[in-house]
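Visitor: I'm new to this one. Could you walk me through how to read it?
Guide: Happy to. Let's take it one feature at a time.

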Amino acid sequence: MLKAILRNRVSTLISSIYAETRPTPPEKLVKSIINQLSKSCLPTNNKWNRAVDVGCGSGQATFLLADYFDQVFGFDISETQIDEAKRRNKFNNVTFKVNSGEEIPLEDGSVQLVTVCQALHFFNIEAFLAKVDALLVPGGLFVTLGYYQIPKKLIRVDDPNANLDAIGDLIEATKRIWRDHGFDYIVYTDQLMAKYRNIKLPYDRLCYEDTFDVTLRRPGTYIIDLINSLGPAIKFRDAYPDKHVSLMNKVRQELAVILNTEDLSKVMLEATFEYFIMCFKK
Ligand SMILES: C[S@@+](CC[C@H](N)C(=O)[O-])C[C@H]1O[C@@H](n2cnc3c(N)ncnc32)[C@H](O)[C@@H]1O
């Protein structure tokens, strides 16, 4: 019982780290989706009826749809992610619910837009695509977006020419340690690196694709939070609490060497992530 309460507390903690650490799609990306939708599906009174964001996490993409739809639904299989999304929700027309993406409880033909942000690689693709097809109205869009979780560019604000490649190597090395303990993440990262080209999607219906950069300005400690927000971190921490502590101490020490300071919070970094986006039209 105590273990279950503690585990829940830890995953709630991870959900809030996740919410603070991960990027949010930029406004121009959302506008580009809306622009595509207006080409194939007419709004009523300047708004569409329904959008659904699946694998919504703590609402990173869900909230951005609120201005364009009468109703926006965010579904996620994780209770702690949905709790965090509800805590952050300031919109009357946005509803979050714990639900698997393959069994969304809405009427067929009632949705103009389905988005999946950084989550498609977790789904049963065949069952999910069948559900999306049933939900969408003719001309409706299914949009999948994602980003590789290691920043494509990392710079030190006070020394923009410093080479920080060693930080990317450090994150990759941490992922390899998780993998050696049975928590493999490689299949997902491969899919993200390939921008989902290696997932069986209805490419004959692809109507638009693009990429968008997002830059976050954060202190050096951000790298530790980013590592802790990655999928296997919580599993490794649960299974090997002592090893997790020593691994994170090692990461902190190596960061101190790379950034040449014991106080990581004093160094400001700029981390740029690249979102890719693919739109499929029903
Ligand atoms: C990497 S997070 C992405 C969260 C958010 N969309 C974002 O952009 O940051 C992936 C999310 O997918 C959820 N997920 C995994 N499998 C799922 C499924 N079968 N149905 C619904 N959600 C699922 C996880 O709980 C997690 O919150």
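**Where two domains meet**

Guide: Let's start with the interface: domain 1 and domain 2 bury about 1400 Å² between them, with 58% of that coming from carbon and sulfur atoms.

Visitor: What does buried area mean?
Guide: The size of an interface is often given as the accessible area lost when the parts come together. Here that is the loss, with a 1.4 Å probe, summed over both parts. Keep in mind that this is a predicted model, where local features need pLDDT of at least 70, side-chain atom pairs count only at pLDDT 80 or more, and totals for chains, interfaces and linings use all residues. Residues are numbered from 1 along each chain as its sequence is written, and side-chain values use heavy atoms, leaving out hydrogens and water.

Visitor: Which residues make up each domain?
Guide: Domain 1 is 2–149 + 186–215 + 273–281, and domain 2 is 153–184 + 217–269; such bounds come from an automatic or database domain assignment. Contact (heavy atoms within 4.5 Å) takes 15 residues from domain 1 and 15 residues from domain 2.

Visitor: How many salt bridges cross that interface?
Guide: A salt bridge is a side-chain nitrogen of Lys or Arg within 4 Å of a carboxyl oxygen of Asp or Glu. Across this interface the rule finds zero.

Visitor: Where do Glu172 and Lys175 form a salt bridge?
Guide: Both lie in helix α5 (residues 165–180), three residues apart, about one turn of the helix. Their closest N and O atoms are 3.7 Å apart. Helices here are DSSP runs (H or I, at least four residues), numbered from the N terminus.

Visitor: What surrounds the ligand?
Guide: Count a residue as near if one of its heavy atoms lies within 4 Å. That gives 18 residues around the ligand, the closest being Tyr18, Gly55, Asp76, Gly101 and Cys117.

Visitor: Which ligand atoms do Asp76 and Cys117 approach?
Guide: A polar side-chain atom of Asp76 lies 2.6 Å from an oxygen atom of the ligand. For Cys117, a polar backbone atom is 2.8 Å from a ligand nitrogen atom. Ile77 also has a polar backbone atom 3.3 Å from a nitrogen atom of the ligand.

Conventions: Buried area is the accessible area (1.4 Å probe) that two parts lose on being put together, summed over both. A polar contact is a pair of N or O atoms within 3.5 Å; within protein, one must be able to donate a hydrogen and the other to accept it, and residues adjacent in sequence count only if both atoms are side-chain atoms. Helices (H or I, at least four residues) and strands (E, at least two) are DSSP runs, numbered from the N terminus.
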